[in-house]
Amino acid sequence: MVTKQLLKGLPEDADLRRADSLAREIFSDIANKWALLIIEALGERTLRFSELRDEVEGVSHKMLTQNLRMLERNGLVDRKVHPTVPPRVEYTLTEPGRALRTAVDVICGWTYQHLGHIESARGRFDA
């Protein structure tokens, strides 16, 4: 967690510990499984909606739409509509989105590294 020393001189909106801060709102937006999986799926690529839906197995049309809108609103995803019939819509990570992807990659790596341990712990807990 960010220490008080690092927050010194920053606006109150930068403090994740404050329930009413912008930082907490942003953190809440991006710290959900669909947002993280969408960011990971996009990576360095540009994908259409249907391609993203295929990449993120199990996501519903509604959840994909909501999360793409939220990521676009937060400036993490760029949405480009091509004037064709039917319209072709493509999604790409912005520079801040690519920077966030670095953190998502670390979380994915941690998951792969500790999968066996977590599976064992769940087996003991559920027994």
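At what angle do H3 and helix H6 (residues 95-126) pack, and how far apart are their axes? In this predicted model, the two helices meet at about 105°, with 9 Å between the axes. Angles of 65 to 115 degrees count as roughly perpendicular, so H3 lies roughly perpendicular to H6. From H3, the residues making the contact are Leu36, Ile39 and Glu40. H6 brings Gly97, Leu100, Arg101, Val104, Asp105 and Cys108 to the contact. Sorted by class, that gives five nonpolar, one polar and three charged residues.

Now stay on H3 and look at its other partner, H5. Helix H3 covers residues 33-42 and helix H5 covers residues 61-73. Their axes come within 10 Å and cross at roughly 75°, which makes H3 roughly perpendicular to H5 as well. On the H3 side you'll find Trp34, Ala35, Ile38 and Ile39, and on the H5 side Met63, Leu64, Asn67, Leu68, Met70 and Leu71. This contact has nine nonpolar residues, one polar residue and no charged ones. Ile39 of H3 turns up here, and Ile39 is also listed in the contact with H6.

H5 deserves a walk of its own. With 13 residues at 1.5 Å a residue, H5 should span 18 Å, and its end C-alpha atoms are indeed 18 Å apart, so expectation and model agree. Which residues of H5 are buried? They are Leu64, Thr65, Asn67, Leu68, Met70 and Leu71. A bit of helix geometry helps in reading that list: an α-helix has 3.6 residues a turn, so residues three or four places apart point the same way. As for what covers the buried residues of H5, the cover includes helix H2 (22-30), H3, helix H4 (49-55), strand S2 (77-82) and strand S3 (88-93). Just past the helix, H5 is followed by Gly75, which has a positive phi near 75°.

Next, head to the strands. Between S2 and S3 there is a loop, and Pro86 sits in it. The peptide bond joining Val85 and Pro86 is cis, with omega at about -10°. On strand S3 itself, have a look at Val89. Is Val89 buried or exposed? Buried means under 20% relative accessible area, and Val89 has 17%, so Val89 counts as buried. Leaving out residues up to four places away in sequence, Val89 touches Leu47, Arg48, Phe49, Arg79, Lys80 and Val81. You can also check Val89 against Ser50: they are 39 residues apart along the chain, while their C-alpha atoms are separated by 9.6 Å.

Over on helix H4, pick out Glu55. Its relative accessibility is 45%, so Glu55 is partly exposed. Setting aside residues up to four places away in sequence, Glu55 touches Ala41, Arg45 and Leu47. Leu47 is also among the residues that Val89 touches. Compare Glu55 with Arg88: 33 residues separate them in sequence, and the C-alpha to C-alpha distance is 18 Å.

Finally, step back to the annotation. An unreviewed UniProt entry lists residues 19-119 as "domain: HTH hxlR-type". Across that stretch the chain is 63% helix and 15% strand, and its end C-alpha atoms are 33 Å apart.

Technical notes. Residues are numbered from 1 along each chain as its sequence is written. This is a predicted model: local features need pLDDT of at least 70, side-chain atom pairs count only at pLDDT 80 or more; totals for chains, interfaces and linings use all residues. Side-chain values use heavy atoms; hydrogens and water are left out. Axes are lines fitted to C-alpha atoms, for helices over the stretch in contact, and angles run from 0 to 180 degrees between N-to-C directions. Helices (H or I, at least four residues) and strands (E, at least two) are DSSP runs, numbered from the N terminus. Angles under 35 degrees count as roughly parallel, over 145 as roughly antiparallel, 65 to 115 as roughly perpendicular and the rest as oblique. Contact means heavy atoms within 4.5 Å. Ala, Val, Leu, Ile, Met, Phe, Trp, Tyr, Cys and Pro count as nonpolar, Asp, Glu, Lys and Arg as charged, and the others, Gly among them, as polar. UniProt positions are given in the numbering used here, feature names are shortened, and annotations may be inferred rather than shown by experiment. The expected span of a helix is 1.5 Å times one less than its number of residues. Buried means under 20% relative accessible area, exposed over 50%, partly exposed in between (1.4 Å probe, protein chains only).
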